[in-house]
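Welcome! Here are some short exercises, each with a worked solution. Have a look at the picture first, then try each task before reading on.

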Amino acid sequence: MRSLLVSALVAASLTVGGCGLRPLYANGSKGAVAQVLADVDVAPIEGHSGFLVRNALRDRLQATQGGEGAGKRLRLDVRLEDAITGFGVRADDAVTRERRTLRARYQLVDAASGEVILDATAFSDAGIDVVGSEYATIAAESSALERLASAVADQIVARLAVFADRGGGQAADVPAAPGGQ
């Protein structure tokens, strides 16, 4: 019985190796993904939620940028929609539960030509209990926004990495500026 289990595991490992999976960040800082992410600068984003998302994005991208914190060739433009919706209404019309939603539409833009090379969205939401204390509810809404900003930034960077891994955003793919090199 044990030899059957071992042979099944060996056979399974051989099939997984042949499936074509490979690391997204292959070749470390010299790989295609790291090179594209190192070229990205995050444009300022409006509002408090924009401040949080921009900082989260820069934190994630800074590791690929040698600690400099801004790329030169590509620009990431982000527009956010931050909404709080009340539900869970009691008989006295008091809201007992809220849902905070943060949606981001982002575009990866060639800084030289202004051409959009990636246009996508990211989304996250969180539930918030509305309690008797207004301060506690505001603190919960603020805490939820911080978590949502982090989740949206993670989604954006992951999508940029997959885009780069598939060949997008490479220096040869981005058109030269008119009259430029």
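**Exercise 1. Reading the chain**

Which pattern of α and β does the chain follow, read along the sequence?

Solution. Step one: count the elements; the chain has four helices and four strands. These are DSSP runs, with helices being H or I of at least four residues and strands being E of at least two, numbered from the N terminus. Step two: put them in order, and the pattern along the sequence is α-α-β-α-β-β-β-α.

A note before going further: this is a predicted model, in which local features need pLDDT of at least 70 and side-chain atom pairs count only at pLDDT 80 or more, while totals for chains, interfaces and linings use all residues. Residues are numbered from 1 along each chain as its sequence is written, and side-chain values use heavy atoms, with hydrogens and water left out.

**Exercise 2. Checking the confidence**

Find where pLDDT (the predictor's confidence in each residue, from 0 to 100) stays under 50.

Solution. Start with the overall figure: the chain averages a pLDDT of 83, and 73% of the residues score at least 70. Then look at residues 173-181, where pLDDT stays under 50. For that stretch the model has eleven contacts (heavy atoms within 4.5 Å) beyond four places in sequence. Where pLDDT is low, the predicted coordinates should not be read in detail.

**Exercise 3. Building the sheet**

Work out the order of the strands and how each pair runs.

Solution. Step one: the four strands form an open sheet in the order E1-E2-E3-E4, with mixed pairing. Two strands pair if DSSP finds at least two bridges between them. Strand E1 (40-42) and strand E4 (116-129) are at the edges with a single partner strand each, so one side of each has no neighbour in the sheet. On average, neighbouring strands are turned by 25° against each other, direction ignored.

Step two: take the pairs in turn.

- E1 and E2 run parallel and are joined by three bridges; here Val 40 stands opposite Leu 74 in E2.
- E2 (residues 74-89) and E3 (residues 95-110) run antiparallel, joined by 15 bridges. Asp 77 has Gln 107 in E3 as its bridge partner, and Arg 75 has Val 109 in E3.
- E3 and E4 run antiparallel with 13 bridges, and Ala 104 stands opposite Ala 122 in E4.

Step three: look at the turns. E2 and E3 form a hairpin with five residues between them, and Asp 93 in that turn has a positive phi of about 65°. E3 and E4 also form a hairpin with five residues between them, where Gly 114 has a positive phi of about 80°.

**Exercise 4. Placing the helices**

Which strands does each of the helices H3 and H4 lie across?

Solution. Helix H3 (residues 47-62) lies across E1, E2 and E3, at about 130° to E2. Helix H4 (residues 134-165) lies across E2, E3 and E4, at about 150° to E4. The axes are lines fitted to C-alpha atoms, for helices over the stretch in contact, and angles run from 0 to 180 degrees between N-to-C directions.

**Exercise 5. Looking into the core**

Which element gives the most residues to the largest nonpolar core?

Solution. A nonpolar core is a set of buried Ala, Val, Leu, Ile, Met, Phe, Trp, Tyr and Cys residues joined through side-chain atoms within 4.5 Å. Buried means under 20% relative accessible area, exposed over 50%, and partly exposed in between (1.4 Å probe, protein chains only). Of the 35 residues in the largest core, those touching the most other members include Leu 57, Leu 76, Tyr 106 and Ile 156. Helix H2 (32-38), E1, H3, E2, E3, E4 and H4 each give two or more residues to this core. The answer is H4, with twelve residues. To see one member up close, follow Ile 156: beyond four places in sequence, Ile 156 touches Leu 57, Leu 76, Ala 104, Tyr 106 and Ala 122.

**Exercise 6. One residue in E4**

Is Ile 117 buried or partly exposed?

Solution. First locate Ile 117, which is in strand E4. Its relative accessible area is 21%, so Ile 117 is partly exposed. The C-alpha atoms of Ile 117 and Gly 168 are separated by 7.9 Å, although the two are 51 residues apart along the chain.
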